Amino acid sequence: MTEPTFDAEGLFDDDYLYFFAEQLDARADADAGLIWRLLDLRPGLEVLDLACGHGRIAGPLVRRGCRVTGLDSSRVFLERARAGGGADYVHGDMRRLPWTRRFDRIVCWSTAFGYFSDSDNQRVLARAAAALKPGGRIAIDLNNYAAVVRGYQASTVVERDGDLVVERHRLDLETGRNVVERTIVRDGRVRTVPYFVRLFTFPELRDLMLAAGFTSVHPFGAEGGPLTIDSRRMIVVAGR
């Protein structure tokens, strides 16, 4: 089976920030509040924002008193994050986290997990478990598989000031991936970026996390309530 292409450098760049940062930032404080509650955060705790992007979650957590390290593979995102200050931002690969028993909590938000092969996705979870102190916890925010399949859209369009992001989606049932061709039209330029996201059911992800070294795994819906077929998001909280 041929692996689909994932152009990470082309996906996580200035165009991404242009089209999506404003709407993501509008939810930042609410998301940070939900994370604070689900992970029982307190001032002074060491937190890793895994795939931190441009710092929209790390910033509010720092302002609430946590000591935050943000890791991301996109230098463009990290440059924007560092301009906001507060956290310690590190360029790196989430499959190769350099820390052991360093953090009290880990946050992986806004579908930042599932961009690799199944073996590499498992490696991310194992390294995250190793980076947590005993008794530590992780929260992962993902698409809810049931809701995605129920309302599956073969294409979507995002528009900003006449510029466009057009996506064509293909659900690969053999691999559990949503395979996407993103076409960006901005300032008269057109380019296409391929990527994919692994869609997990809760039992799938629970079993992967238990195998990675977590000892308890619990699902929640978008606002921290019960996970249902109508939940737009699936939030998984696991303990070490």
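How much space lies in the largest pocket? About 1500 Å³, in what is a predicted model. The close-ups below start there and then move to other parts of the structure.

**View 1. The largest pocket and its lining.** Welcome to the pocket, which holds about 1500 Å³ of space. Its lining is made up of 50 residues, and those nearest the centre are Tyr16, Ser110, Thr111, Tyr115 and Tyr195. By class, the lining divides into 26 nonpolar, 13 polar and eleven charged residues. Helix H2 gives the largest share of this lining, with four residues.

**View 2. The cavity lined by strands E8 and E9.** Searching the whole structure turns up one cavity of 30 Å³ or more, and the volume of the largest cavity is about 30 Å³. Around the largest cavity sit Asp15, Ile184, Arg186, Arg189, Val190 and Arg191. Two elements give two or more residues to that lining: E8 and strand E9 (189-198). The largest share, three residues, comes from E9. For anyone thinking about chemistry here, the lining has four charged residues, two nonpolar ones and no polar ones.

**View 3. Arginine 186 and aspartate 14, a salt bridge between a strand and a helix.** Here the two side chains meet in a salt bridge, at 3.0 Å from N to O. Arginine 186 belongs to strand E8 (residues 177-186) and aspartate 14 to helix H2 (residues 14-26), so the pair ties together parts that are 172 residues apart in sequence. Are the two partners buried or exposed? Arginine 186 has a relative accessibility of 12%, and because buried means under 20%, it counts as buried. Aspartate 14, at 45%, is partly exposed. Take a look at the surroundings too: a network of salt bridges links Asp13, Asp14, Asp15, Arg186, Asp187 and Arg191. Two of the names in this network, Asp15 and Arg191, may be familiar from View 2, where they are among the residues that line the largest cavity.

**View 4. Arginine 63 and aspartate 29, a salt bridge between two helices.** The side chains of this pair meet at 3.9 Å, N to O. Distant parts of the chain are linked here: arginine 63 is in helix H4 (residues 58-63) and aspartate 29 in helix H3 (residues 28-38), 34 residues apart. Both arginine 63 and aspartate 29 are exposed.

**View 5. Arginine 96 and aspartate 93.** In this salt bridge the closest N and O atoms are 2.6 Å apart. Arginine 96 is exposed, at 57% relative accessible area, while aspartate 93 counts as partly exposed at 22%. As background to this view and the two before it, side chains of opposite charge can pair when their charged atoms come close. Across the model, the count comes to 24 salt bridges.

**View 6. Helix H5 and its two faces.** Which residues of helix H5 (residues 75-84) are buried? They are Phe77, Leu78 and Ala81. Looking down the axis of H5, these buried residues fall within an arc of 95 degrees, so they line one face of the helix. Turned away from that buried side is a face carrying the exposed residues Arg75, Glu79 and Ala83. The buried residues of H5 are covered by elements including H2, strand E2 (67-72) and strand E3 (88-91). Just past the helix comes glycine 85, with a positive phi near 70 degrees. H2 has a part in other views as well: it holds aspartate 14 of View 3 and gives the largest share of the pocket lining in View 1.

How values were computed: Residues are numbered from 1 along each chain as its sequence is written. This is a predicted model: local features need pLDDT of at least 70, side-chain atom pairs count only at pLDDT 80 or more; totals for chains, interfaces and linings use all residues. Side-chain values use heavy atoms; hydrogens and water are left out. A salt bridge is a side-chain nitrogen of Lys or Arg within 4 Å of a carboxyl oxygen of Asp or Glu. Buried means under 20% relative accessible area, exposed over 50%, partly exposed in between (1.4 Å probe, protein chains only). The arc is that of the directions from the helix axis to the C-beta atoms. Contact means heavy atoms within 4.5 Å. On a 1 Å grid over the protein atoms alone, a cavity is a set of points where a 1.4 Å probe fits but cannot get out, and a pocket is an open set with protein on both sides within 12 Å along at least five of seven lines; lining residues have an atom within 4 Å of a point. Grid points are joined across faces, edges and corners, and a volume is the space filled by probe spheres set on the points. Ala, Val, Leu, Ile, Met, Phe, Trp, Tyr, Cys and Pro count as nonpolar, Asp, Glu, Lys and Arg as charged, and the others, Gly among them, as polar.
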